[in-house]
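Below are some short notes on the model, set out point by point. They cover the ligand site, one helix and one sheet.

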Amino acid sequence: MSSILIIDDTDKYWELCTRFMPEHELLPPARNYREAAESLAKHRGVDLVLLDVHFDIPEDDLLPEDKAELLAKGDRGRALERLRRAQGLHILDRLRRTHPDLPVIVMTSRDDLPLEADAERLNAEDYTYLLDDEYLDARSLRLQVEGILARRVRAPAPDEPFYWGESTRMLALRRRLGILARGRLPIILLGGTGTGKSLIAREFIHPRSQRTGPFVAVDLSTIPNDLMGAHLFGVIKGAYTGATASREGVLARAHGGTLFLDEIGNLSLELQKQLLVVLQDGRYTPVGSVDERIVDIKLVVATNENLATMVQTGRFREDLYMRLNPATAVVLPSLRERGDDFAALLDEFLARVGREPYNRDLVLQYASQRGLQPPAGGEAMPISITRSVPPRPDTKRLHFLLHPSSFKALRDFEWPGNFRQFEMFLSNLITLTLVELVDQAELVEPGDPSHAIRPDVIPILPRVVRDLLRPMEMPRAPAGEAAGADDGAGGLRMTFVVRPQESLNAVSCDLERQTMERLYENYGGDLGRMAEALLGDSAAGRKVQLRMNQLGIKLRKLKRRRGSP
Ligand SMILES: Nc1ncnc2c1ncn2[C@@H]1O[C@H](COP(=O)(O)OP(=O)(O)OP(=O)(O)O)[C@@H](O)[C@H]1O
Ligand SMILES: [Mg+2]
């Protein structure tokens, strides 16, 4: 929630905002500059000011405080009237000096049009013409408010675990998630593997939920179907063979806090029904028990499947889907989709991997070999990535110099494993680059000319970038050993490795497993296309998934493998 201060001598804008922008906290309106200054001193976190222009207020309340000289000239009454008609700009002028970073929207009516230029001169964030049409006024004001607030969060706390970048789209997403986090309703997080769903649930949503209970995460793709009920809802001793003791479920552990159900698409229809009851009534029954338990959780779910399609094909209950608050589902963009922010992402993630212990030590070792000045206390040396040599040598920061062709190669790369893969790639990149330099330095005499170049600039060789990217390239067309080759008759030709097993059955399972894994690679993880190839039915993806489960293939692992270098 953002807090907004309205400075206005009437209640007009206050009423408009209360009615049409209930999601923001409105401070009591200030009627003149003095009240505004008091309010700003008292409420330090004001995000935005809405400022009227025309103030019909007593002479004593008008700015400037010392009006004697102004009023001495000409007609006193007219001078006062002029002051009242432009009072907002006097206030703005003052605010600019006392609160230079505070965004201000000046609200003018048509009569005040000439004031536009002044508002601009005084750096108003924006000005809005009100048309005396409540609905239209509220709409345009709201658009401006949202736009400005989205820009205002442009510099999130530097140590925020999830990096949002600088695009307006991501900052709007951050705001939206912040609002959803504080609400009572469940949140659906969608997005490909490695886009940060788990990270956001744990590090962003839960801390902002203002809930005192713990954060509990469960990855439903790793729990066998027959144990899932007990895992979620708990089990009473003797409920089934193997239930040798009563056990608390994750629901009970998350009481008062946040429950994060990852890969929610793996929940069986029966358990979906039970989860629905939790959301509706806050009640559930442990396996084997007759007593209902009461629970209070904030539910966050994630999936990279299409839940709406699952509803259509009967694999996901519609009533549960509706309860999960699908209207506000948040889709986390892939790395490719954040291309407009790529330079900032690169810089940020490089700095992050530079702080990993192994890389941090390498950087420090390099810095000490080359006479740079790392920060005291073994802290990581700041590093950044650049495409041109910075003009001035720096002894306190390292600059990795990336060739423009490498920058382009990275920006245009597919990155199927998104940020997880990106992070691993960058970590490898700086490790390999630095290890070579550190090893070399041990062979070089201190006065050697190769030491004469700028020690704070470390070129990243395009060859190293290429060599690291190549193994991660996804096979585009079925080819060779890793995937299947078209046999010319609508089939795929593959090669397999036959290994001795304890039984013929085990041998055929092993071959089937290889088939499934190859097909998964071949079709980029698209279960529908796999089903098309195997059964001629692209809607049978679930069958394929079940079969893979039975064969002990961990889809998660395959996804990771696709995403990792
Ligand atoms: N915006 C981000 N800022 C910083 N790190 C990120 C960001 N997004 C992803 N990461 C990194 O990528 C890793 C993977 O993120 P996370 O596990 O949240 O992905 P996910 O969407 O849950 O993937 P999966 O679907 O495979 O579970 C994180 O541990 C983190 O290191
Ligand atoms: Mg995850």
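1. Just after α12, Gly282 takes a positive phi of about 65°. This is a predicted model, and the angle is a computed value like the others below.

2. The helix that precedes Gly282 is α12, residues 269–281. Its 13 residues reach 18 Å from the first C-alpha to the last, close to the 18 Å expected at 1.5 Å a residue.

3. Ligand 1 has 16 residues around it, of which Gly196, Lys197, Ser198, Leu199 and Phe419 come nearest. Two helices, α9 (197–208) and α18 (418–443), each supply at least two residues of this shell.

4. By class, the shell around ligand 1 is made up of 7 polar, 5 charged and 4 nonpolar residues.

5. Where does ligand 1 lie with respect to domain 2 and domain 3? Residues of the shell come from both domain 2 (168–333) and domain 3 (339–472), so the ligand lies between them.

6. An open sheet is formed by 3 strands in the order β13-β14-β15, with parallel pairing. Its edge strands, β13 (383–386) and β15 (457–460), each pair on one side only. Neighbouring strands of the sheet are turned by 25° against each other on average, direction ignored.

7. Strand β14 covers residues 398–402 and is joined to β15 by 4 bridges, the two running parallel. In this pairing, Leu402 stands opposite Ile460 of β15. In general, strands of a sheet pair through backbone hydrogen bonds, either parallel or antiparallel.

Conventions: Residues are numbered from 1 along each chain as its sequence is written. Chains are lettered from A and ligands numbered from 1 in the order in which they are written. This is a predicted model: local features need pLDDT of at least 70, side-chain atom pairs count only at pLDDT 80 or more; totals for chains, interfaces and linings use all residues. A residue is near a molecule or strand if its C-beta atom, placed from the backbone, lies within 6 Å of it. Ala, Val, Leu, Ile, Met, Phe, Trp, Tyr, Cys and Pro count as nonpolar, Asp, Glu, Lys and Arg as charged, and the others, Gly among them, as polar. Domain bounds come from an automatic or database domain assignment. The expected span of a helix is 1.5 Å times one less than its number of residues. Two strands pair if DSSP finds at least two bridges between them. Axes are lines fitted to C-alpha atoms, for helices over the stretch in contact, and angles run from 0 to 180 degrees between N-to-C directions.
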